[in-house]
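Reader: I should like a close look at one part of this structure, namely its cysteines and any covalent link between them. Please place that part in its surroundings as well.

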Amino acid sequence: MEAPRGYNGSAPSSGPAVFFLSGIPGLENFHLWISIPFCSVFTIALLGNLLLLYVIKTDASLHKPMFFFLCMLASIDLVLSLTTMPKTLSIFWFRAREISLTGCLVQMFFLHTFSIMESAMLLAMAFDRYIAICHPLRYTTILTRSLIVKVGLVALARAVFLMSPLPFLLRRLPYCHSHVIAHCFCEHMALVRLACSNTRFNNIYGIIVVFLVVVLDLTFIGLSYAKIIRAVLSLASKDEQLKAFGTCISHLCAILIFYAPVILSSIIHRFGHHVAPHIHILLTNFYLLFPPMMNPIIYGVKTKQIRERVFHLFHRKSF
């Protein structure tokens, strides 16, 4: 890979470090072509989530717990998209690869913080489906607006608490090797690889965070759906079972498109030493870009109230 102009391969002698994002290693000659699907997905994600927020905000009939959680999910997806894609596209289009250590740490903090929040929202939405199916008569009394706000604040507090140590842990590391980050954006392990001191604590802390977020959240989601399935199977008619389970399809799709790439990427990162770097980076971009694009589509298609409201909105503007 060609070194960025003005970079001599060594760390600055003083002041904050400057890093260079490589984009997708091995595919530099195709960056302009790769930017087309990236930009398309980014645009769809922005428009889809903004439309979803607008529809829910302007329609009083959608002011219900499930849709409040969906608003939180859409807001998180917007932040995730805006955290990574502008810089990624600037690399593809203008070769603007330089990023300061502070800028890198800020991007990393927002990226991981809001990824953790998205996992928390998917867990909260599983709880919402559990209450709606297993305790329908108590749904509105349990999931009050006050509780929903508290859930959002707890999700934010957990993410910030887990991610706050990372910028300080990374800033104390000496970066005396190459300052070229083999990625489109700054992430924890990409920076750790460039350090020339013992990074065991960073590695252990990263594994602890993954366990506290992915493993625990998936465990509680699994428990929620185990109770949901038991409640659905206890219903008398097949139509009632299909109707009850149909309310969970959108959420199950959102879980699949979020967690499957995260788990696969984590496995490849730790055990797939012979996997080409561009495969890992493309997969990482996939799990950051695909859920924000697909969530509005999934909920727009599968949720009757949102679908009807969107059709009404565009039908009204066409006349």
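Author: The account below begins with the disulfide and then moves outward to the core, one helix and the salt bridges. The model is a predicted one.

A search of the whole structure returns 1 disulfide. A disulfide is a covalent bond between the sulfur atoms of two cysteines. Here the bond joins cysteine 104 to cysteine 186, with an S to S distance of 1.9 Å. The two partners come from distant parts of the chain, 82 residues apart: cysteine 104 belongs to helix H3, while cysteine 186 sits in the loop between strand E3 (180-181) and helix H7 (188-192). The torsion about the S-S bond is about -115 degrees, so the disulfide is left-handed. Cysteine 104 has a relative accessible area of 0% and is therefore buried. Cysteine 186 is likewise buried, with a relative accessible area of 0%.

Two other cysteines may be set beside this pair. Cysteine 39 takes part in no disulfide, and the nearest cysteine sulfur, that of cysteine 184, is 14 Å away. With a relative accessible area of 22%, cysteine 39 is partly exposed. For cysteine 134, the closest cysteine sulfur is in cysteine 248, at 9.0 Å; this is too far for a bond, because a disulfide requires the two sulfur atoms to be within 2.5 Å. Cysteine 134 also counts as partly exposed, at 22% relative accessibility.

The surroundings of the disulfide can be approached through isoleucine 181. Leaving aside residues up to four places away in sequence, isoleucine 181 touches both Cys104 and Cys186. Its other contacts under that condition are Phe19, Phe20, Leu21, Ser22, Ala190, Leu191 and Leu194. Isoleucine 181 also stands out within the largest nonpolar core, which has 96 residues: Phe19, Leu70, Tyr175 and Ile181 are the members that touch the most other members. Helix H3 (residues 101-134) supplies the largest share of this core, 17 residues. Phe19 thus appears both as a contact of isoleucine 181 and among the members of the core that touch the most others.

A further residue to consider is threonine 284, located in helix H11 (residues 277-302). At 1% relative accessibility, threonine 284 is buried. Apart from residues up to four places away in sequence, threonine 284 touches His183, Phe185, Glu187 and Ser265.

Helix H3 also serves as a packing partner of helix H5, whose buried residues pack against helix H2 (65-94), H3, helix H6 (165-171) and helix H8 (200-233). Helix H5 (residues 145-163) contains 19 residues and spans 27 Å from its first C-alpha to its last, close to the 27 Å expected at 1.5 Å a residue. Its buried residues are Ile148, Gly152, Ala155, Ala159, Leu162 and Met163. Seen down the axis of H5, these buried residues fall within an arc of 110 degrees, so they line one face of the helix. On the other side of H5, the exposed residues are Val149, Lys150, Leu153, Val154 and Phe161.

The charged side chains complete the picture, with a count of 4 salt bridges. One of them pairs arginine 309 with aspartate 59, at 4.0 Å from N to O. Arginine 309 lies in helix H12 (residues 304-317) and aspartate 59 in the loop between helix H1 (31-58) and H2, so this salt bridge ties together parts that are 250 residues apart in sequence. Arginine 309 is buried, with a relative accessible area of 15%. Aspartate 59 counts as buried as well, at 16% relative accessibility.

Another salt bridge joins arginine 129 and aspartate 128, with an N to O distance of 2.7 Å. Arginine 129 is buried at 8% relative accessibility, and aspartate 128 is buried with a relative accessible area of 1%.

The side chains of glutamate 308 and lysine 304 meet in a salt bridge too, at 4.0 Å from N to O. Both residues lie in helix H12, 4 residues apart, which is about one turn of the helix. At 45% relative accessibility, glutamate 308 is partly exposed.

Definitions and conventions
Residues numbered from 1 in each chain as written. Predicted model: local features only at pLDDT ≥ 70, side-chain atom pairs only at ≥ 80, totals over all residues. Heavy atoms only, no water. Core = buried A, V, L, I, M, F, W, Y, C linked by side-chain atoms within 4.5 Å. Buried < 20%, exposed > 50% of the residue type's maximum accessible area, 1.4 Å probe, protein only. Helix = DSSP H or I, 4+ residues; strand = E, 2+ residues; numbered from the N terminus. Contact = heavy atoms within 4.5 Å. Expected span 1.5 Å × (residues − 1). Arc of directions from axis to C-beta.
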